[in-house]
2 protein chains.
Amino acid sequence: MDNTLETNAQMNEELLIKTIEEDNIVGFREEFMTLHPYDQAQFFFKLTPDVRIKVYYFLSPKELAIFFEMLEIEDHEYKGILAEMDPKYAADMLANMFTDNAVDVLNNLDKDQTASYLSIMDHSAAQEIKGLLHYEEYTAGSIMTTEYIAISANQTVRSAMYILKKEAPKAETIYYVYVVDEDERLVGVISLRDLIISSDDTMISEIMFDRIVAISVSADQEEAAKQMRDYDLLALPVVDFQNHLLGIITVDDIIDVIDEEASDDYSKLAGVSDMDTIDKNPFAAAKKRLPWLIILLFLGMFTASLIGRFEDTLSKVPIVAVFIPLIAGMAGNTGTQALAVAVRGIATGELAEISKIKLILRESGTGLITGTICGVLVAFIVFVWKGELLLGFLVGISILASLFVATLAGSLVPLVMHKFKIDPAVASGPFITTMNDITSILIYFGLATMFMSYLIH
Amino acid sequence: MDNTLETNAQMNEELLIKTIEEDNIVGFREEFMTLHPYDQAQFFFKLTPDVRIKVYYFLSPKELAIFFEMLEIEDHEYKGILAEMDPKYAADMLANMFTDNAVDVLNNLDKDQTASYLSIMDHSAAQEIKGLLHYEEYTAGSIMTTEYIAISANQTVRSAMYILKKEAPKAETIYYVYVVDEDERLVGVISLRDLIISSDDTMISEIMFDRIVAISVSADQEEAAKQMRDYDLLALPVVDFQNHLLGIITVDDIIDVIDEEASDDYSKLAGVSDMDTIDKNPFAAAKKRLPWLIILLFLGMFTASLIGRFEDTLSKVPIVAVFIPLIAGMAGNTGTQALAVAVRGIATGELAEISKIKLILRESGTGLITGTICGVLVAFIVFVWKGELLLGFLVGISILASLFVATLAGSLVPLVMHKFKIDPAVASGPFITTMNDITSILIYFGLATMFMSYLIH
């Protein structure tokens, strides 16, 4: 199934492990240093802690820094891995990482641990990290890096290329160069591609692009993702309200954001507190799924007690019970559809562009249309199947009303939550489903009780 | 709410429209040509067809090609827009687009339309497009482009930079340069960054990276996305089974793939045939949601007919009906949770790494744990609330059995579909939910009928 060809790249895991066991530093480095950082990270993470402790003696903090950011581990696991290292070694490694990645790691530690690493770290690296640590999570500021290349407009392509070559080793991307004025305000951008195809004596001011797409440091990271996707950018400059250049966001971080946000919305729609990964044991998986199930259980007991109030209707016309799952199920699913559309609309920013009243009108219309079609269909089927005109009419009307209410609820609830700055995705699928179960059953039994005398034969 | 600062970039839409109305070509081009291609596309798409026809006279096919690929329109809309243009103009524009984007557009037209554009197009461009047109949708081949830069290992950095500068204007990315042997086999890769920081006389063979990450032309596009995300690549080379370099996939296309796949999985979980966008009218929205609702309606009628068979039980012990929504709802939601985990596992490739038996064992365990906890809880609540030990026991056992079956079904169904190469996400939320509704009700009523004599007071 694995269609990826890693040409000449079959990693020799046994060889690597053997060299570690034999304390053969030269042999280990010979093989390990030619691997891609991602493969280095994969190998490193598979090792047991006591083997990893040896690896720290085989590699410099700087060499470790290169692949450490590529570890695909859970947030809480960083703590343990850093604890395996000598504190000074760990601090050196953090100092050698790109600032945004070091900040990511430090954000997973306790405040006093972070402070102690920063205190023994190289001063200038510590300053850069401190500058980024205070940005709130999920903002553009929290995912930006300060390792960009800035030049002035009043210089030639030749001198710009000189600066670029000099700063390339420590810049996170060299494919965009940012042009700033004497106050560090962003005034232009130029791609390395344009630099390379321009003649050496061209002035930067002549070839730079001055209609810059930039993002505010406090903007949501999803907004940054949208900009980079729309404009096909490899890096997005981050500025403050006075347009001072503070950092850049690179495309690899944005891919992670898009991935995270999508799987976050997805797991909430499914009612899994956090998407559990396949290889977890059943207890861990059950722990992640139980919170919603138990909430649903209580909501379900509430629904049961509602139906309990109609026991009289039920005992007199038991056939009414037959349609409970149909009506509740359809209402639940309609609500989920409307919810999903609204949540995606909010996530992609589409919703910001149309008026709320227009949305409500549209969803009312959609609910009315789907409700009418399904209601008429059901009424007809019940009439043909059971030969009961009134029962068919009753079920049909209930479906119509339930679908209308469910559609409106499914789109209004996330809208209201978004208004109050609550993540609309927490109004997850199971919640909307159960809410609509309850409403639809109330509608159905309300109508059934009203018409009960006609239903009894 | 819009936190993006487009410095100096406030697009003067009125001015642009005024220049078009006044047939002021110079004024239009002065403003329009300084815009970012994305903004050009946004402006262009907002125009009415008769205004757009004027724009085709204001811009060359090449100028149109630059922003045409950035149009955010539905697949079927390409046809109409191309029809507005003179056929030769349209063919010229397609020839000037990056090959992968031209192929995207042509794939949305009828076969004979595509053929007619290709016949009047510049010959070499038509050849390149034909070479890509036959790759199956969703494969790496279908999203790759042939505009890459290839060099040989046996040359210096200076000569490589010369080739790069010469080919830069028509390459889709210049940030990676691929090293091929005399048979066009991929032997190495070097980033522009490494080229720039190396001295001019260094041989390419010395500095190229020869453990290349590449992907097979027939591999799934999701596999390509995973590779680029894992290895943080800006471009991924695509090769055939003999390792001949056929093209590259660039990161902007991969972002679109990640977006599409995520929203595809999401809409299927929600049971929306295709995620409808917010601004659609209610009829269009209803049309997208109705297919699932009508399928569910029939499945729901089937459930109803199943319960109908237990009318005898219902009329004798009507209280049994009270717990129908609780049991069906919990089973439905558990199934959706398991489904979501399995679908994501398949999408991210995680599932390929563990054995199927292990997964089934794990899911059985999870179902047993969640089922037991919820079952005991329910039995206890029913006993306390209604004072009915047997009824509580009955509902509890039903919950346990339903949750166990639902969890297994939720993970097995996508697994089996994946095995038979059906997209597992089509086993969408509503389908699994309804399937589990039915099973759980059968279990519940089966048990209730068995113990009926004890339930009647």
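Me: Which are the buried residues of helix 5 of chain B?

Reply: In this predicted model, they're Pro61(B), Glu63(B), Leu64(B), Ala65(B), Phe67(B) and Phe68(B). Buried means under 20% relative accessible area, exposed is over 50%, and partly exposed sits in between (1.4 Å probe, protein chains only). Helices (H or I, at least four residues) and strands (E, at least two) are DSSP runs numbered from the N terminus.

Me: What makes helix 5 of chain B mostly covered?

Reply: In this helix, residues 61-68, 6 of its 8 residues are buried.

Me: How do you know that strand 5 and strand 6 of chain A pair?

Reply: Two strands pair if DSSP finds at least two bridges between them. Strand 5 (residues 213-216) and strand 6 (residues 235-239) of chain A have 2 bridges, so they pair, in the parallel sense. Ser216(A) has Val239(A) as its bridge partner.

Me: Why is the β-α-β crossover there called right-handed?

Reply: The chain goes from strand 5 through helix 15 (residues 221-230) to strand 6 of chain A. Right-handed means that, with the strands pointing away from the viewer, the path from the first strand over the helix to the second runs clockwise.

Me: What makes the two copies related as by a two-fold rotation axis?

Reply: Chain A can be laid on chain B by a turn of 180 degrees with a shift of 0.0 Å along the axis, at an RMSD of 0.1 Å. The copies are therefore related as by a two-fold axis. The fit is by least squares on C-alpha atoms of residues with pLDDT of at least 70 in both.

Technical notes:
Residues are numbered from 1 along each chain as its sequence is written. Chains are lettered from A and ligands numbered from 1 in the order in which they are written. This is a predicted model: local features need pLDDT of at least 70, side-chain atom pairs count only at pLDDT 80 or more; totals for chains, interfaces and linings use all residues. Side-chain values use heavy atoms; hydrogens and water are left out.
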